[in-house]
Amino acid sequence: MTPTDWQATFSQHLSSERQLSAYTVRNYLFELRRVEDMLAESTHLIEVTRDQLQSILATLHRKGLSPRSLSLCLSALKQFFDFLLREGAVTVNPAQTLSAPKQNKPLPKNMDVDAVSHLLSIEGDDPLSLRDKAIMELFYSSGLRLAELASLDCVDIKFDQSEVKVMGKGSKQRVVPIGQVALTAIKAWLACRDQLPCTEAGDALFVSSQGKRLSHRSIQARMAKWGQEQAMAVKVHPHKLRHSFATHMLESSQDLRAVQELLGHANLSTTQIYTSLDFQHLAKVYDGAHPRAKKDRGKE
C-alpha cells in the first residue's frame, strides 16, 4: 500500500470506526499533508523519524503557528501512527513522546461592580422574576458553581447563620457565607415558591414553572435572557458571576487562600489563574509588604 493509500485508509478509519465529524477528519488530513510537504522530497510521511517531526514542529512554532494549532498537528500525527502501528505498517510511533507548547488558558472576564448591580436591579415581583433574582444574587454573593447551585435544597440555606451548605466537586462539602442582599432575595422567592407546581421538585430550592428542579440549561437560559433584558454589554452566564465574585473579593481582601476556600478550589494555582489580578496591582501589594521591596520600579 502506498503512503497516499495509507492516508486514505486512515481517513476511512476516522470517519467509519471513530465516527469523527467530516470537519475533524479534514483538519487531521490537512495537518498530515502540512507535515509531509515539509519533508525532503524522497521521504514519505510513514518513514519519518522522531527527530524529523520534532524539527518540523519547531519550525512551525518559529513561523508563528499557535500552540493550539501545534497541538492539533501533533494529535493528528499521533493518531495516524497509532493507526499504522495497529495495521502493522510501522513498528514505532515517532510522535508518541513529542509534546506541543502549553496553551495559554483564556482568562474569564469579570463584570465590574456597577455592571453587576445593574444586572441585579430586577424589579419584577412575579415568581419567575423573584426566583431568577435570587439565583443571580446567590451566584454573586457566594461564588457557587452552576452544578452546586442547581443541586441546592431549601434546607441547605441557613438563614440564622447566613450560610449555604454546598456539595462541591468530588463530593466535597463546604459551607459558604451568604450576603444579606442575597438572603433577602431568597426569602422573597421562597415566599412565592408554592405558587409554582412543586410536585416533582421535592425539596429543591429552585424549581421550574413545570414543577421540577430547575435544570442547568434552564438556569443558563434565564440568565442569558436577563442579560439581554438589562442590556448588558457582555453575555451573562453563571461562570461570569462566579468569576466576578472571586475577582471582587480578591481585589478587596487580597487574601488568596480565603478566596480559594470560598470557591472550593483544591489547588491554590487554580485560584491564581481564575482571578488574574493585573501585575500593577500585585506589584503594589508586593512593594507595600515585602521588607526588601524598596525599589524604584520606574528606574528599571
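Visitor: How many aromatic pairs does the count come to?
Guide: Rings of Phe, Tyr and Trp (its six-membered ring) pair if their centres lie within 6.5 Å. By this rule, the count comes to five.

Visitor: Which kind of pair do F10 and F80 form?
Guide: Planes under 30 degrees apart count as stacked, over 60 as edge-to-face and the rest as tilted. The F10 and F80 centres lie 5.2 Å apart, with 70° between the planes. That makes the pair edge-to-face.

Visitor: How many residues apart are F10 and F80?
Guide: This is a predicted model, where local features need pLDDT of at least 70, side-chain atom pairs count only at pLDDT 80 or more, and totals for chains, interfaces and linings use all residues. Residues are numbered from 1 along each chain as its sequence is written, and side-chain values use heavy atoms, leaving out hydrogens and water. F10 lies in helix α1 (residues 3-17) and F80 in helix α4 (residues 67-87); helices are DSSP runs of H or I, at least four residues, numbered from the N terminus. The pair links distant parts of the chain, 70 residues apart.

Visitor: Are F80 and F81 buried or exposed?
Guide: Buried means under 20% relative accessible area, exposed over 50%, partly exposed in between (1.4 Å probe, protein chains only). By that scale, F80 and F81 are both buried.

Visitor: Why is the pair of F80 and F81 edge-to-face?
Guide: Their ring centres are 5.4 Å apart. Their planes stand at 65°, so the pair is edge-to-face.

Visitor: Which residues form one aromatic cluster?
Guide: F10 and F80 are an aromatic pair. The cluster is W6, F10, F80, F81 and F83.

Conventions. Helix = DSSP H or I, 4+ residues; strand = E, 2+ residues; numbered from the N terminus.
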